[in-house]
Amino acid sequence: MASDRMQEPPDPLLHLQRSLQVSLSDDLLPDVGPAQPPSIAKEVIEISFPLLASPVKLSVDPSPGCGGVTWPAGEVLSQYIIRRGSLRNKTVVELGSGTGLVGLVAGLLEANVCITDQQQLLDLMLVNVALNNLSHNVTALELNWGEPLPLDLPAQPDLILAADCVYFEPAFPLLVQTLSYLCTSSTTEVLFCYKKRRKADRRFFALLKKKFSWIEVTDDPDREVYSKQAISLLRLVKKS
Ligand SMILES: C[S@@+](CC[C@H](N)C(=O)[O-])C[C@H]1O[C@@H](n2cnc3c(N)ncnc32)[C@H](O)[C@@H]1O
């Protein structure tokens with residue numbers, strides 16, 4: 001099925017240093033896909049960000065689906081929140097966390113974080129929470145878009161994060177619904193990092209427009225670099 005494929009491999013930003021580079025198939029399938037590329041082994045990688053004292057350690061494993069490895073929008077969003085600084089006393093929820101990279105970075109910035117994804121990613125997220133010694137402030141929960149929110153999820157997060165979550169058309173309305181369920185307060189900030197892959201993505205934005213308006217984040221010095229890779233960082237605002 002052509003519509004459920006992610007067409008491009010993650011292309012790490014030039015300034016982001018990886019101690020171990022994961023190479024990915026052009027044809028990595030999301031969870032619904034029948035097969036996974038056999039060439040990628042389970043391994044622990046380290047991703048360094050210039051302003052973070054130590055690298056983020058990540059167990060990556062493509063077997064539970066495309067979220068088992070990191071994607072470029074996640075690195076962009078991580079870098080952006082690091083540059084903004086401490087998230088102490090903030091409550092953060094991440095959607096479609098995959099390995100948990102962005103949420104773990106929020107945890108390293110001292111937020112209380114809930115990273116979420118589908119059930120098959122939970123073990124990997126928990127391993128990564130432990131690898132980064134963040135069990136005291138980062139929890140991992142199953143959250144399927146479009147379904148009722150888990151009871152343990154913070155009711156009014158200060159910040160909602162989502163990176164590289166627009167790629168599978170049947171999930172578009174579900175993601176919009178979950179963003180809308182979660183965004184119950186006018187003080188909640190939503191940072192949504194998106195990599196354009198297909199023309200069909202515009203259908204996601206047509207749905208999003210019914211519930212949210214958005215503006216492009218312009219105070220990011222890396223913007224020029226990642227916009228060349230068709231990545232945009234958006235701040236969503238729920239329509240009243
Ligand atoms: C391309 S990955 C991005 C992972 C991570 N945010 C990153 O940037 O590295 C998309 C993520 O969305 C998750 N996802 C897809 N459909 C979902 C759904 N219906 N409910 C919850 N999560 C979903 C996948 O499991 C996957 O982890």
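Phe204 and Phe205 are both buried in this predicted model. The report begins with these two residues and the helix that holds them, and then turns to the core, the charged pairs and two residues with notable backbone angles.

**Helix H5 and the aromatic residues**

In H5, the buried residues are Asp201, Phe204, Phe205 and Leu208. They span an arc of only 95 degrees around the axis, so they sit on the same side of H5. The spacing of such residues follows from helix geometry: an α-helix has 3.6 residues a turn, so residues three or four places apart point the same way. The face of H5 turned away from the buried side carries Arg202, Lys209 and Lys210, which are exposed. What lies over the buried residues of H5? The cover includes H4, strand S8 (189–195), strand S9 (212–216) and strand S10 (231–238).

Five aromatic pairs are counted in the model. One of them joins Phe204 and Phe205 in an edge-to-face arrangement, with 5.1 Å centre to centre and 85 degrees between the planes. The label edge-to-face applies because the planes are over 60 degrees apart. Ring pairs also connect a wider group, a cluster made of Phe172, Phe192, Tyr194, Phe204, Phe205 and Trp214.

**The nonpolar core**

The largest nonpolar core contains 71 residues, and those with the most contacts inside it are Ile81, Leu95, Leu179 and Phe192. Helix H1 gives the largest share of this core, six residues.

Phe192 thus appears both in the aromatic cluster and among the core residues with the most contacts. Which residues does Phe192 contact, leaving aside its neighbours within four places in sequence? They are Ala162, Val166, Leu175, Leu179, Phe204, Ser232, Leu233, Leu234 and Leu236. Two names in this list have already been met: Leu179 is itself one of the core residues with the most contacts, and Phe204 is one of the buried residues of H5.

Helix H1 also holds Ser78. Is Ser78 buried or exposed? Its relative accessibility is 0%, so Ser78 counts as buried. Not counting residues up to four places away in sequence, Ser78 touches Phe49, Leu101, Val102 and Val105.

**Salt bridges**

The model has nine salt bridges. Three of them are set out below, each with the distance from nitrogen to oxygen.

| Basic residue | Acidic residue | Distance, N to O |
|---|---|---|
| Arg88 | Glu110 | 3.0 Å |
| Arg203 | Glu169 | 2.5 Å |
| Arg223 | Glu216 | 3.4 Å |

The side chains of Arg88 and Glu110 meet in one of these salt bridges. Arg88 belongs to the loop between helix H1 (72–84) and strand S4 (91–95), and Glu110 to the loop between helix H2 (101–108) and strand S5 (112–117), so the pair ties together parts that are 22 residues apart in sequence. Arg88 counts as exposed because its relative accessibility is 52%, while Glu110, with a relative accessible area of 38%, is partly exposed.

Arg203 and Glu169 form another salt bridge. This pair links distant parts of the chain, 34 residues apart: Arg203 is in helix H5 (residues 201–211), and Glu169 is in the loop between strand S7 (159–163) and helix H4 (172–182). Arg203 has a relative accessible area of 48% and is partly exposed. Glu169 is partly exposed as well, at 24%.

In the pair of Arg223 and Glu216, Arg223 is partly exposed at 27%, and Glu216 is partly exposed at 35%. In addition, salt bridges that share partners join Arg83, Asp220 and Asp222 into one network.

**Two residues with positive phi**

Which phi value does Asn133 have? Asn133 has a positive phi of about 55 degrees, although it is not a glycine. Asn133 is placed in the loop between helix H3 (122–131) and strand S6 (138–142). With a relative accessibility of 61%, Asn133 counts as exposed.

Ala230 likewise has a positive phi, near 65 degrees, in a residue other than glycine. Ala230 lies in the loop between helix H6 (223–227) and S10. Its relative accessibility of 31% makes Ala230 partly exposed.

How values were computed: Residues numbered from 1 in each chain as written. Predicted model: local features only at pLDDT ≥ 70, side-chain atom pairs only at ≥ 80, totals over all residues. Heavy atoms only, no water. Phe/Tyr/Trp six-rings, centres within 6.5 Å; stacked < 30°, edge-to-face > 60°. Buried < 20%, exposed > 50% of the residue type's maximum accessible area, 1.4 Å probe, protein only. Salt bridge = Lys/Arg side-chain N within 4 Å of Asp/Glu carboxyl O. Helix = DSSP H or I, 4+ residues; strand = E, 2+ residues; numbered from the N terminus. Arc of directions from axis to C-beta. Contact = heavy atoms within 4.5 Å. Core = buried A, V, L, I, M, F, W, Y, C linked by side-chain atoms within 4.5 Å.
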